[in-house]
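I opened a new notebook page for this structure. My plan was to look things up one at a time and write down what I found.

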Amino acid sequence: MENFNFHSPTEFVFGKGRENGCGIYVKKYGGHKVLVHFGSGSVVRSGLLDRIKASLEKEGIPYVLLGGVHPNPRDTKVYEGIELCRKEGVDLILAVGGGSVIDSAKAIAIGVPYKGDFWDFYSGKAVPEAALPVGTVLTIAAAGSEGSGDSVITKEDGMWKRGTGSTLLRPKFSIMNPELTCTLPAYQTACGATDIMAHVFERYFTNTPEVEITDRLCEAVLLTMVNETPRVIKDPNNYDARANIMWAGTVAHTNICGVGREQDWNSHGIEHELSGLYDCAHGAGLAVVMPSWMEYVMKHDVNRFANMAVRVFGVAMDENNPENTALEGIKAFRRFLHDIGMPINFSEIGAKEEDIPVLVEKFGLGETGRTGGFVQLSSDDVKEILKIAAHATL
Ligand code: NZQ
Ligand code: ZN
């Protein structure tokens with residue numbers, strides 16, 4: 001195991017009805033004037049926004065509202081938020097929604113104290129040094145942004161989807177009521193489940209030896225998702241299954257499963273080009289990319305893939321030929337994704353094979369660059385993975 005620091009300062013407030021106390025946590029973390037940030041209307045329709053407002057009013061905390069965050073959140077909304085916060089003297093941002101709303105809130109939080117253009121943090125020109133505190137009320141188990149130090153934003157001009165990361169971006173508190181996720185369409189639930197599993201796989205496939213604890217934590221989250229996701233797809237109001245998935249989503253991406261080990265992250269990088277260009281849901285893009293990436297890199301460590309197949313998908317180990325086991329595991333993953341309603345190839349997310357050169361160019365490795373923790377990929381490798389993704393079948 002490698003040396004590591006793990007600092008996860010978020011207070012997680014979990015369970016039924018907990019959003020009704022959000023004003024208490026805003027006060028606890030120093031909010032005197034709050035920006036309540038939300039998406040395209042689900043929190044208005046469900047009545048959640050009214051309950052948040054009531055809780056803030058009960059604590060005597062003034063607030064301003066900024067809705068309209070698009071899934072795959074845009075830089076334009078972030079600029080609007082930064083300006084509003086400065087004008088109104090906002091000192092805490094409360095994100096009420098999913099990963100998109102939370103990521104937009106985080107971008108505003110680092111943009112307000114920064115003198116330059118907030119996009120500098122996403123283009124790699126600057127590193128965040130100060131941030132307004134962010135709290136969240138989570139409405140979808142997916143991105144894990146409620147506990148992560150990451151934020152992903154799309155620049156509308158050119159549709160560049162890019163991320164930034166800093167411990168400063170970890171929320172001060174996250175309110176997590178699994179009941180709030182019961183209104184999700186089945187497709188969004190499945191997209192979230194795919195993202196959660198992908199966050200674990202990005203960490204699971206590693207070259208670091210002797211990491212039994214994090215291997216087993218990863219497998220626990222994956223098994224939970226394999227068991228619980230079909231339950232909520234069948235019965236959207238199953239509180240216990242929703243609760244297990246919600247906490248799995250957080251555990252998958254706080255990095256508790258990834259400390260002390262090299263991680264990969266190429267499937268995410270490649271997917272961000274798909275959701276950047278086609279505006280598909282991040283989880284849907286991952287369902288297309290990740291099994292294709294697995295097929296392409298499997299030979300790098302057949303035993304690790306075979307172990308995953310046995311421990312997560314219950315495939316029988318072929319002792320004479322572990323490669324068969326590994327392949328069966330990848331097939332089982334793709335079948336699982338299909339069964340919960342996810343796409344498996346380009347046409348199902350509106351992607352086009354003729355765009356592959358554009359996707360590879362935007363990925364940005366050029367002729368000589370390489371990236372990735374488990375397997376270092378070149379532009380040609382990315383092209384091959386996208387070709388597999390274009391035509392994948394069950
Ligand atoms: O906008 P509203 O009306 O709220 O609708 C949303 C949106 O259309 C809807 N929704 C959310 N909660 C709902 C609901 N509908 C009914 N009932 C509810 N309870 O679901 C749709 C998707 O929401 P979104 O926030 O986009 O989903 P998700 O949490 O999957 O976030 C995706 C974004 O997070 C980024 C992705 O790239 C993508 O941009 N990621 C962020 C990460 C991070 N910050 O750590 C890591 C991830 O790997 C990921 O890249
Ligand atoms: Zn993700």
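My entries below go from the sheet to the ligands, and then to single residues.

**Entry 1: the sheet**

I noted first that the model is predicted. Then I turned to the strands. How many strands form the open sheet, and in which order? I found six, in the order β1-β8-β5-β4-β2-β3. The pairing is parallel. At the edges sit β1, residues 11–14, and β3, residues 63–66. Each of these edge strands pairs on one side only. I also looked up the twist, which averages 15° from one strand to the next.

I reminded myself that strands of a sheet pair through backbone hydrogen bonds, either parallel or antiparallel.

I then picked one pair inside the sheet. Strand β2 covers residues 34–38, and β4 covers residues 92–97. Five bridges join them in the parallel sense. Which residue of β4 is the bridge partner of His 37? I found Ala 95 there.

**Entry 2: helices on the sheet**

Next I looked for helices against these strands. Helix α3, residues 48–58, lies across β2, β3, β4 and β5. Its direction is at about 160° to β3. Helix α8, residues 239–253, also packs on the sheet. I listed its contacts as β1, β5 and β8. The direction of α8 makes about 170° with that of β1.

**Entry 3: a hairpin**

I moved on to β6 and β7. Strand β6 is residues 150–155, and β7 is residues 160–165. They run antiparallel and are joined by six bridges. Asp 150 stands opposite Gly 165 in β7. The hairpin has four residues between the strands. Within this hairpin, Gly 158 takes a positive phi near 100°.

**Entry 4: the zinc ion**

Which residues are the protein donors of the zinc ion, ligand 2? I wrote down Asp 195 through OD, and His 199, His 268 and His 282 through NE2. These donors lie 1.9 to 2.2 Å from the ion. Their spacing along the chain reads D-x3-H-x68-H-x13-H.

I checked where two of them sit. Asp 195 is in helix α6, residues 186–204, while His 268 is in helix α9, residues 266–278. The two are 73 residues apart, and the pair links distant parts of the chain. Are Asp 195 and His 268 buried or exposed? Both are buried.

**Entry 5: ligand 1**

I counted 31 residues around ligand 1. Those that come nearest are Ser 42, Gly 99, Ser 100, Asp 103 and His 199. His 199 is also one of the zinc donors.

I then collected some polar contacts. Asp 150 offers a polar backbone atom 3.0 Å from a nitrogen atom of ligand 1. His 253 places a polar side-chain atom 3.1 Å from an oxygen atom of the ligand. For His 268, a polar side-chain atom lies 2.8 Å from an oxygen atom of ligand 1. His 268 thus appears twice in my notes, here and as a zinc donor.

**Entry 6: the loop between α8 and α9**

Thr 254 lies in this loop. I call Thr 254 buried because its relative accessible area is 8%, under the 20% limit. A polar atom of its side chain is 3.2 Å from the backbone nitrogen of Ile 256. Beyond its neighbours up to four places away in sequence, Thr 254 touches Phe 6, Ser 8, Phe 12, Gly 147 and Arg 170.

Trp 265 is in the loop between α8 and α9 too. Its phi is positive, near 75°. Trp 265 is partly exposed, with a relative accessible area of 24%.

**Entry 7: another positive phi**

Most residues other than glycine have a negative phi. So I made a note of Glu 210, where phi is near 60°. Glu 210 sits in the loop between α6 and α7. Is Glu 210 buried or exposed? Glu 210 is exposed, at 72% relative accessible area.

**Entry 8: Thr 325**

My last stop was helix α12, residues 322–339, which holds Thr 325. Thr 325 is buried, with a relative accessible area of 1%. Leaving aside neighbours within four places in sequence, its contacts include Ala 306, Val 310 and Met 317. I also looked up Gly 369, 44 residues away along the chain. The C-alpha atoms of Thr 325 and Gly 369 are separated by 32 Å.

Note on methods
Residues numbered from 1 in each chain as written. Chains lettered and ligands numbered in written order. Predicted model: local features only at pLDDT ≥ 70, side-chain atom pairs only at ≥ 80, totals over all residues. Heavy atoms only, no water. Pairing = 2+ DSSP bridges. Axes fitted to C-alpha atoms, helices over the stretch in contact; angles between N-to-C directions. Contact = heavy atoms within 4.5 Å. Buried < 20%, exposed > 50% of the residue type's maximum accessible area, 1.4 Å probe, protein only. Donors = N, O, S within 2.8 Å, 3.2 Å for Na, K, Ca; no water. Near = heavy atom within 4 Å. Polar contact = N/O pair within 3.5 Å; in protein donor to acceptor, adjacent residues only side chain to side chain.
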